[in-house]
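Student: I'm new to this one and would like a close look at a single part. Could you pick out a pair of helices that pack together and walk me through it?

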Amino acid sequence: MSIASTSVIQIIPRTRRGVELFLLVIAVGIAVGAYVNIGITAQDGVPASTGLYAAGIGLLALIAHLALRFRAPYADPVILPCAVLLNGLGVAMIHRIDLGLTSIGRTKGVPFAPQQITWTAVGVVLFLAVVIVVRDHRRLQAFTYTLGLVGLVLLVLPLVPGLGVNINGASIWIRVAGMSFQPGEFAKVCLVIFFAGYLVVKRDVLTLAGRRFLGLDLPRARDLGPILVAWLVSLGVLVFESDLGSSLLFFGLFLFLLYVATERAGWLIIGGLLFVAGAYFAYQTFGHVTKRINDWLDPFSIDGGQIAVGLMGQAWGGILGRGLGQGQPHLTLYANSDMIISSFAEELGLTGLIAILLIYTLIIERGLRTALACRDIFGKLIATGLAMSFSLQVFVIVGGVTGLIPLTGLATPFMALGGTSLVANWAIIGLLLRISDQARRPQTPAAPVSDETIAMAVQKA
């Protein structure tokens, strides 16, 4: 018999690393331009540290790009430039607030901007470790329950006597060797992987419908265990650590991933009812939650000063802003951390704030696109969870600063002052790009089968 001649045409997608490098040049240029603009406006001259700042941000961006070029060539080309741009703008605004605090004599020790650049370097190192060490995200599924345990341990570490410290009313920090860390930021990554691995195994059971109510298939009562456990853990974070933001983030992540895995709207109804019940209970029982909500309802009261000053600064910024270096964001309490979005809104106006939100939206959209392109359910859920972690954080932060919802203690990703959050977010970007590389990498086509092989298989059958 003759072997059938079969030609297979394989379309190899472009790596788009050149596009990424071009976008990185633009991102670094905008960040350095903002830094120089602040110096010219606030100090009447180009800052002496401009060269070091430009070299530091540019070198870190180049190292991250080269790591992707050689280790993850098919990774998404947009996510890294967006992260670099947000990080660079955050450092520039922290530098601007350093100058403002110095001008009114409220500076505390060394400036914060150099510290943020140092933490950026640490974050990029962890980014490199994730991209290089995690060659295939599917191997993480073998550590599902281990990472779940690690995540829970990280959550309770601030409650250990002698290790945990209370800062600004929240017990979410630990102090080691004179430095403070927020382990909950890394717990977020571990728990997303745990949620994804758990739902891959249990999704068939959790998909089973119970009773039908108002056109919706509600889950069976016996399957409510996972969501009740997640609800109790998030409530425990709220009660024992006084951390409203992390409590909302963890429960929201699990609820969203549960809905994505099962496609059952009934889970959203049950989760929403549990959230409302927990929020009302916390408001009636715990003083710090009551104060947060009262400050939200009446921000211009005596106790709501931080929110009130931030809202007045945003109103002063208007549509186009006062201009970089020409506002007074440093008069707002925690202007470089919790209220840094308000600082940007004051100096860049509503237009600048919308631009920043669009950059976050790009990261979220590309993360969800990675989830759609991923070929395995485990990777889909991880990418979805990591993208939605950014979405929930940005919503909670911007909503709190603008008065849409009560203010919480979450950090603005990549922009707010704080090493732990910055390093953890760089790890998230690394994991998203690793999954993206796996999703966009071309598959090796199967070899053509000859007529003779087919005939032999038929005879054996």
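Tutor: Here is a look at one helix pair, with a word on confidence and a side trip to a single residue.

Keep in mind that this is a predicted model. The chain has a mean pLDDT of 84, and 84% of its residues reach 70 or more. Confidence varies along the way: among the elements, helix α12 (residues 340-373) has the highest mean, 95, while strand β4 (residues 209-213) has the lowest, 56. For residues 1-8 the pLDDT is below 50, and that stretch has eight contacts in the model beyond near neighbours in sequence.

Now for the pair. Helix α8 covers residues 244-262 and helix α9 covers residues 265-285; their axes come within 8 Å and cross at roughly 165°. Angles over 145 degrees count as roughly antiparallel, so α8 is roughly antiparallel to α9. The crossing is right-handed.

Which residues do the meeting? From α8 come Leu248, Phe251, Leu255, Leu258, Tyr259 and Thr262, and across from them in α9 sit Ala265, Trp267, Leu268, Gly271, Gly272, Leu274 and Phe275. Sorted by character, that contact has ten nonpolar residues, three polar ones and no charged ones.

For the side trip, go to Ser436 in helix α14 (residues 419-440). Ser436 has a relative accessible area of 2%, so it counts as buried. Leaving out residues up to four places away in sequence, Ser436 touches Tyr74, Ala75, Asp76 and Thr370. Ala383 is 53 residues from Ser436 in sequence, yet their C-alpha atoms are 8.5 Å apart in space.

Terms used:
Residues numbered from 1 in each chain as written. Predicted model: local features only at pLDDT ≥ 70, side-chain atom pairs only at ≥ 80, totals over all residues. Heavy atoms only, no water. Axes fitted to C-alpha atoms, helices over the stretch in contact; angles between N-to-C directions. Helix = DSSP H or I, 4+ residues; strand = E, 2+ residues; numbered from the N terminus. Parallel < 35°, antiparallel > 145°, perpendicular 65-115°, else oblique. Left-handed = near helix turned anticlockwise from the far one by under 90°. Contact = heavy atoms within 4.5 Å. Nonpolar A, V, L, I, M, F, W, Y, C, P; charged D, E, K, R; others polar. Buried < 20%, exposed > 50% of the residue type's maximum accessible area, 1.4 Å probe, protein only. pLDDT = per-residue confidence, 0-100.
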